[in-house]
Amino acid sequence: MEVLPTCMDVEHSRVYIDQLYSNDSQKCFQAVSELKFAVIGSVREKGSIIEQGVVVRLLQILRAPELDILLKTEVATVLNSLAKGLPEHAAALVQAGLLPVLWEQLESCPSGGSGSAYTQMLLCCLRSIYRQGCAPPPPAWDQKLLSSLIQHGYHPPSNQECVANILAHACKTNEQQQQLVDAGGADLVACLLCSPVSRVQLPALHCLTAMCFNNERVSSIIATKSYGGKAVPDLLVGLMARDRPRDMQLAAATALTFLHRAGALSADDPRIIYKTLQCLVRMCRRDREVWERVEAANTLAYLTEVSTDLQRTAAMTDHLIHTMNDYLKDTTPPNASVPQGISVSPVSCRQYDNPSTWPELMVGAALKVYASLGANDEDIRQRVIKTDVLMNTIVTSLSAASPPVQLAAVRCLHSLSRSVHTLRTTLQDHVVWRPLMTVLKTSNNEELVTVSSSTLCNLLLEFSPSKEQILDQGAVEFLCGLTRRPHPGLRLNAVWALMNMAFQAEHRVKVSILHHLGTDQIFRLLSDTDVHILMKTLGLLRNLLSTKGHIDQIMQCHGKEIMQAIILILEGEHSAEVKEQALCILANIADGDIAKSAIMSNEDVLKKLMNYMVIPNVKLQIAATFCISNLIWNVEEGAAERQNKLREMGVYKLLQNLMTTTDTGLFDKVKTALQQFH
Amino acid sequence: MAAGSGRHSASPPLFPSVAAQDAVKSLYPMVNEEETPLPRCWSSKDKYSFIGLSQNNLRVHYKGHGKNHKDAASVRATHPIPAACGLYYYEVKIVSKGRDGYMGIGLSSQGVNMNRLPGWDKNSFGYHGDDGHSFCSSGSGHPYGPTFTTGDVIGCGINLIDNVCFYTKNGHYLGVAFADLPSQLYPTVGLQTPGEVVDANFGQSPFVFDIGEMMRELQSRVRNTIQTFPVPDTHGQWQSMLHRMVSTYLVHHGYCATAEAFARSTAQDFDEELTSIRNRQKIQKLVLSGRMGEAIDTVHQLYPGLLENNKNLLFMLKVRQFIEMVNGTDTDVVRGGSHSPSRPPTQDTPSPPPPSTCWATNGRPAEHSTGSSSTPPPPSSASTAAPPSSSSSSSSSSSSIIQQHTSVIQSTKDIIGGGGGGGGGGGGGGGGGGTTAPPPPTPPSTTDDRTTTTTTTTTTTTTTTHHLHHHHHHHNRHHRRPSTPPVHLQWRPPHQSSSPPPPPPPQQNPASSSSSSSSSSSSSSSSSSSSSSSSSNMQDSDTEMECVEPAAAAAAAAAAAAAASHSNGFANGFDKHLEEEEEEEEDEEEEEEEAMDIENGGGGGGGGVGGRKMCGGSPAAIERMLHFGREVQHMSQVLKIHLGKSDQNKKMLQDAFSLLAYNDPWNSPVGWQLDPLQREPVCQSLNSAILESHQLPRRPPLEICVAHTRQLLTLMSRSGLGSCAFSSVDHDWRLRWNLTQQKLNPCWHSDVPSPPTRPLQFDQSGIQTFISSTLMFPTVLIVILSWMSFWIAPDATPARVTLGVTSILTMATQYSQSTKNLPPVSYIKSLDIWMITCMVYVFMALLEFAIVYHVHYRRTQAPPPSPPRCPAATNAALHQTLALDRPGVKSWAVGWREFWRGDTAIDEASRVFFPLTYFSFVVGYFVLLTGGQEGGSGGDGGGRGVIYT
């Protein structure tokens with residue numbers, strides 16, 4: 001007793017660690033037991049044990065087939081305790097190769113003996129590791145292992161909790177979701193939802209959420225599952241009742257949201273539009289915990305992202321727009337302390353550990369909600385814009401914030417930029433394009449750039465006052481660069497923006513576009529697999545080839561390439577809409593004085609035109625006829641020659657035949673064309 | 001059969017069941033509508049003249065010009081929103097938006113100008129449809145929600161806990177509109193342009209918005225607040241305080257075994273001696289069963305000086321005793337030789353005016369029969385009238401019959417004999433009853449000196465009748481002796497041993513009674529003292545019966561049986577006949593009718609003809625009651641002199657005496673006093689007084705606490721605190737104890753009674769198995785055992801009788817054992833139903849033998865000429881059987897007998913009939929008992945009304 005306690009500790013620990021390596025299983029057991037008592041509840045001890053490399057020995061014991069199951073259970077207990085320490089500890093364990101050993105041991109456990117203490121401890125250990133959020137999920141589940149894991153998850157509540165947690169944290173990809181459902185995970189989750197223990201229900205909800213996320217097939221399967229005569233969505237509504245614990249309400253609402261977004265539940269389902277929506281809005285209230293508010297707002301934004309009905313309902317429910325304004329202002333959370341023991345969904349695991357990031361999280365969540373609310377309805381958009389500090393927040397977030405918040409800000413800006421009124425007033429006042437361009441030029445986050453470029457599309461609209469300024473910033477060059485990006489969304493947005501930019505633009509702009517884009521790139525875009533990109537490229541060409549003067553000038557420089565491109569389209573296997581666009585470009589070209597010759601000299605094109613005039617597709621017929629009538633326009637110089645040539649080719653006859661058409665649009669065009677003939 | 005006589009249980013639900021109320025009320029269960037009625041429609045008075053109402057005042061339409069805002073008009077609901085709603089909500093459907101849709105929906109106080117839309121004035125709040133703005137006591141609104149128009153449903157809710165108002169549109173919550181609302185607001189709507197029509201829904205039909213869920217949230221919030229309310233808890237004091245509360249409660253109400261077990265498991269100790277608890281329990285039992293006289297005496301005995309020191313309490317008890325006399329339940333009136341306090345006098349009525357009957361423990365077969373039967377009047381020859389009623393001396397003699405069943409038979413037979421002896425005896429009895437001035441009830445010691453047949457509460461009057469009684473007895477015995485049947489069976493001793501010793505030990509009987517066979521009469525008296533077995537009483541009473549003429553004997557036997565178990569009921573019948581058919585002639589005929597009536601009563605149970613009569617209908621009893629009344633009056637005067645005037649006492653006395661003013665006191669305005677529930681306050685105050693005399697608290701802390709809380713809740717509702725809506729004492733304070741975990745003493749039977757105020761309910765889940773294994777199963781076996789006699793030849797009389805009687809005795813023992821540990825209650829328990837039915841079955845098996853024997857006997861030979869000595873039990877059985885056998889002898893008895901070609905036929909039928917009916921009862925019992933347990937009450941086996949388990 002004279003020895004100082006610290007010295008004793010050191011001495012003592014050395015003894016049992018030495019014994020740990022003993023071959024005598026009795027001694028070893030003794031040592032593990034002592035280790036267990038040393039580790040439980042002491043973070044410092046956990047760290048030192050891991051540092052000493054004891055884990056390797058422990059894993060070795062686990063692996064040894066000849067050793068007693070009791071000893072192994074004890075070892076698993078120690079490992080579980082270690083895993084419950086700091087995240088770094090868990091990471092170290094994973095580093096030491098804990099997971100494969102655990103899975104292997106679990107697999108070797110008899111499937112019938114799910115109640116055995118060893119199995120339970122293994123599951124607990126796995127659960128603790130996964131809950132730390134640092135374990136990489138198994139790349140793909142071993143089917144047999146997965147089904148045995150699910151079998152283990154049925155019986156004792158502790159197993160239920162563990163398995164639900166493991167599945168919730170380990171299910172990340174589409175493939176895993178599918179595997180999980182195929183292995184009977186949906187039934188297990190439905191069963192767990194009915195458990196009376198909230199420690200089981202909550203991870204079950206998280207697991208359900210993880211399974212449904214963005215997976216239509218899995219969601220539709222889950223939505224049809226039932227347990228105890230109640231369908232899963234109804235069970236979720238039951239768990240979302242107002243007298244349930246808040247985290248449970250939130251988790252249930254999230255699960256329903258994901259089911260809805262994956263198409264399993266429609267937006268006008270009362271369970272969505274009444275229950276889920278109201279629950280989420282309620283969770284956003286000021287009197288809730290910060291993490292609850294952030295989670296709820298994020299989920300709400302996701303829920304209302306698409307459906308206009310939901311957006312309208314949400315906008316009028318419980319002053320939501322006003323509540324969100326609080327998020328923007330509430331920058332310093334009072335008595336900020338890390339919430340202990342909260343169980344947030346695996347997605348946002350460890351997100352709330354640092355109170356100083358909370359204001360940012362809140363701003364991000366609020367901006368997302370605003371973005372969703374304002375997506376479709378002009379009324380709501382106006383109400384959103386009137387919110388106090390919104391625009392300032394957006395601008396500051398755009399320039400200086402973490403990528404998630406930037407993204408939220410850009411999303412919000414994108415929603416708001418859909419309003420012509422806003423575009424011309426508020427957005428102009430706040431010079432939003434400047435930070436936006438900065439983001440575009442500096443960021444390499446693809447999603448961020450995608451959304452930003454869509455916003456830029458709106459800002460480059462012809463009536464937008466900021467268009468000129470953006471052009472001055474070298475937007476053309478940048479956008480043309482974007483069209484070369486591999487991401488199809490970026491290419492689309494870039495072409496779209498260029499198209500908008502080219503609409504009724506000055507000549508120098510068009511030239512600049514053509515210059516920067518280059519005909520090669522145009523051909524590349526025209527052969528793009530994405531039909532949207534193709535359409536927008538054709539649209540860009542159409543916009544470029546407008547007004548006579550521009551047409552002639554451009555055709556002089558690039559006539560050959562353009563005609564090639566058009567023939568490429570007309571000959572390719574494309575839908576009628578695409579070909580219609582191409583014909584429209586031809587019609588534009590035919591409008592130009594000099595450009596006409598490009599068509600007239602190309603008999604191939606003329607024959608194609610005549611072909612399209614007889615094709616049983618009114619739109620194509622109109623476009624072709626329009627092109628012809630442009631070619632033979634009376635007033636213009638050399639019209640007679642062209643008329644003769646076309647008459648020779650039998651165009652006149654064709655037109656007369658077309659007079660019998662029932663379509664008034666086509667009839668008008670044909671009539672105009674015929675009038676042009678002498 | 002016994003149970004089949006139909007019983008209403010006392011104890012109406014103390015709290016009105018919400019389900020029975022209308023939809024509006026069920027939304028707000030905590031609102032006391034007498035004090036604060038709920039708004040249910042628009043007020044036809046409190047409205048502006050431009051407003052028109054239709055459809056039960058729920059639809060509002062505008063009928064003014066609607067030119068400008070000066071033409072606005074609004075209407076308020078009939079009543080303000082009570083605070084006890086907690087969360088009030090109503091919905092308005094816009095049927096038509098009219099010209100401009102200037103509609104306002106909201107709240108306003110009384111007296112706000114009705115020529116305005118809600119929200120424009122002070123203390124008025126509204127949400128307007130034209131612009132979606134909310135108006136908070138001002139002419140300018142704030143942007144609040146969407147606009148609303150034709151087809152929309154707008155809901156307005158007020159959260160009385162937070163004092164905020166919110167709206168909903170088509171079921172979507174719009175958020176809080178106003179905060180800091182004043183109290184006493186009325187739902188209000190205002191309209192301003194022609195064509196505007198709105199419909200209101202105050203809860204009559206389901207709401208579009210899910211208000212229930214919101215209420216549940218508030219409820220859980222309030223409950224959470226209560227539960228997490230910080231209590232100064234150092235070193236587990238809080239928990240031990242709670243334990244203490246429970247333990248004191250248990251002790252207070254005499255759940256001694258439970259209290260013991262609880263104290264053991266929580267390491268508590270209680271201040272009172274166990275014996276003292278048991279004593280109190282005993283007294284409570286007496287009071288609750290309505291036997292006030294005995295109760296008072298017991299108190300005198302056990303707590304000398306208590307009542308002497310507390311005159312007011314004594315007075316209260318006496319008044320209650322008087323009421324019980326009127327009711328016919330008090331021992332002084334009943335006097336059926338019941339010396340044991342544990343034997344509850346069950347008084348009952350066949351066609352009951354509400355649930356006034358006390359089912360102390362059980363309804364016995366015979367007592368029902370007597371209660372419902374209209375027995376023929378006793379001979380009118382005896383004419384020495386007892387003063388108050390028209391009853392004759394013979395009726396008084398009949399009442400004496402009732403009081404002492406051993407002699408009942410004799411007296412009836414006496415009548416049959418038509419002899420002057422009977423008349424003379426009757427006259428003597430009447431004289432005795434009528435003239436003897438009743439002295440105040442004497443303490444037991446004096447009674448002991450005088451009584452011949454043992455009672456704890458005899459008065460001089462009763463003593464006299466007893467004497468009379470034995471005289472008759474004696475007389476008859478000689479008279480009838482010749483007709484004794486040949487079979488003798490002496491089985492008295494076992495019976496005696498089986499009867500539990502009643503607390504005031506029954507004095508050994510008729511040492512003084514004239515020349516009758518003292519041993520048999522003592523056996524009968526002790527048998528009647530047996531706490532539970534009425535049937536054994538019957539048997540017993542018949543031990544000294546002789547029988548020659550079956551019909552007569554049967555009647556007598558039945559009468560005896562009836563009297564044994566329920567003298568007052570029997571007297572009832574008599575009295576009725578006295579009044580109605582006084583001119584009845586022949587004795588034999590009377591007897592026959594009597595027998596038939598009894599039979600009716602026995603079989604038909606509740607369907608009997610007779611009504612309840614005061615004091616059980618016996619004139620002598622009425623007289624005693626009157627005397628007692630005088631005595632009480634005297635006492636009140638004495639009290640007035642000594643203690644000064646007491647309005648309370650005066651009122652009590654007046655109420656009690658008012659009972660006499662009515663022909664049918666049970667249905668009179670003061671009839672509530674006769675309700676057995678009224679015994680409970682008396683019982684409580686007596687209990688409290690006893691405890692107080694021992695320096696223990698008058699009321700258990702738990703009850704005080706609950707009472708405080710109740711009071712607090714009403715106070716909260718009065719002062720407008722909405723939380724009271726969600727903190728119901730009766731729902732939230734349920735004590736749920738898992739008995740299996742607590743390992744409590746098995747004395748927790750399935751029918752742990754609710755104490756008077758019923759603040760506690762116990763989870764009885766663990767107990768069912770115990771009951772069924774230790775109690776139900778043996779009784780089933782006994783019943784089955786009794787059926788063995790059907791397979792024994794009718795000749796084997798001793799075997800069959802022994803079997804039957806033994807079964808009955810065993811059953812009786814079982815029953816008394818089972819009730820021993822239970823605290824007294826004033827209503828019937830499910831266990832009683834079970835026990836009684838089993839007993840009846842055993843009894844019927846014996847009865848069946850009597851019939852068989854009789855038929856057998858008849859067929860084989862003529863009855864042998866009177867043997868010198870009367871056999872005991874066999875005859876008894878036989879007579880009873882015949883009583884059953886008796887109805888309509890003259891008309892169809894012969895045919896009936898022929899129909900039964902042989903006694904074996906009866907046996908064969910019984911072999912099937914008994915098991916069949918019995919097991920269906922068993923099944924029904926368990927199904928209904930277990931089914932009804934959750935609600936705290938359960939039905940019994942055969943539609944016998946509601947039993948509180």
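A salt bridge here is a side-chain nitrogen of Lys or Arg within 4 Å of a carboxyl oxygen of Asp or Glu. Keep that in mind as you work through these exercises on a predicted model.

**Exercise 1. Find how many salt bridges cross the interface of chain A and chain B, and check one of them.**

Solution. Start with the count: the rule finds 5 salt bridges across this interface. Now take one pair, B:Glu217 and A:Arg242. Their closest N and O atoms are 2.8 Å apart. The cut-off is 4 Å, so the pair B:Glu217 and A:Arg242 qualifies as a salt bridge. To round off the polar side of the picture, count the residue pairs in polar contact between chain A and chain B: there are 9, with both residues at pLDDT 80 or more.

**Exercise 2. Describe the side of chain A that touches chain B: which elements give two or more residues to it?**

Solution. First, look for the helices: α17 (270–283) and α19 (308–316) of chain A are the elements that give two or more residues. Next, rank them: α17(A) gives the most, with 4 residues. Then sort the residues of this side by character, which yields 5 nonpolar, 4 polar and 6 charged.

**Exercise 3. Work out how much area is buried between chain A and chain B, and which residues of chain A lose the most.**

Solution. Begin with who takes part: chain A brings 15 residues to the contact and chain B brings 17 residues. The area buried between the two chains is about 1400 Å², and carbon and sulfur atoms give 50% of it. Within chain A, the residues losing the most area to chain B are A:Arg242, A:Met316 and A:His319. Together these three make up 44% of what that side buries. You have met A:Arg242 already, as the partner of B:Glu217 in a salt bridge.

**Exercise 4. Place B:Pro697: where does it lie, and what does it touch?**

Solution. Go to the loop between α23 (679–693) and α24 (701–718) of chain B, where B:Pro697 lies. Its relative accessible area is 47%, so B:Pro697 is partly exposed. Setting aside neighbours within four places in sequence, B:Pro697 is in contact with B:His252 and B:Leu691. Compare sequence with space for B:His252: it is 445 residues from B:Pro697 in sequence, while their C-alpha atoms are 8.8 Å apart.

**Exercise 5. Find how many disulfides the whole structure holds, and look at B:Cys136.**

Solution. The search over all chains gives 0 disulfides. For B:Cys136, the nearest cysteine sulfur is that of B:Cys165, 9.4 Å away. A disulfide needs sulfur atoms within 2.5 Å, so B:Cys136 is in none. B:Cys136 is partly exposed, with a relative accessible area of 35%, whereas A:Cys480 is buried, at 1%.

Technical notes: Residues are numbered from 1 along each chain as its sequence is written. Chains are lettered from A and ligands numbered from 1 in the order in which they are written. This is a predicted model: local features need pLDDT of at least 70, side-chain atom pairs count only at pLDDT 80 or more; totals for chains, interfaces and linings use all residues. Side-chain values use heavy atoms; hydrogens and water are left out. Contact means heavy atoms within 4.5 Å. Buried area is the accessible area (1.4 Å probe) that two parts lose on being put together, summed over both. A polar contact is a pair of N or O atoms within 3.5 Å; within protein, one must be able to donate a hydrogen and the other to accept it, and residues adjacent in sequence count only if both atoms are side-chain atoms. Ala, Val, Leu, Ile, Met, Phe, Trp, Tyr, Cys and Pro count as nonpolar, Asp, Glu, Lys and Arg as charged, and the others, Gly among them, as polar. Buried means under 20% relative accessible area, exposed over 50%, partly exposed in between (1.4 Å probe, protein chains only).
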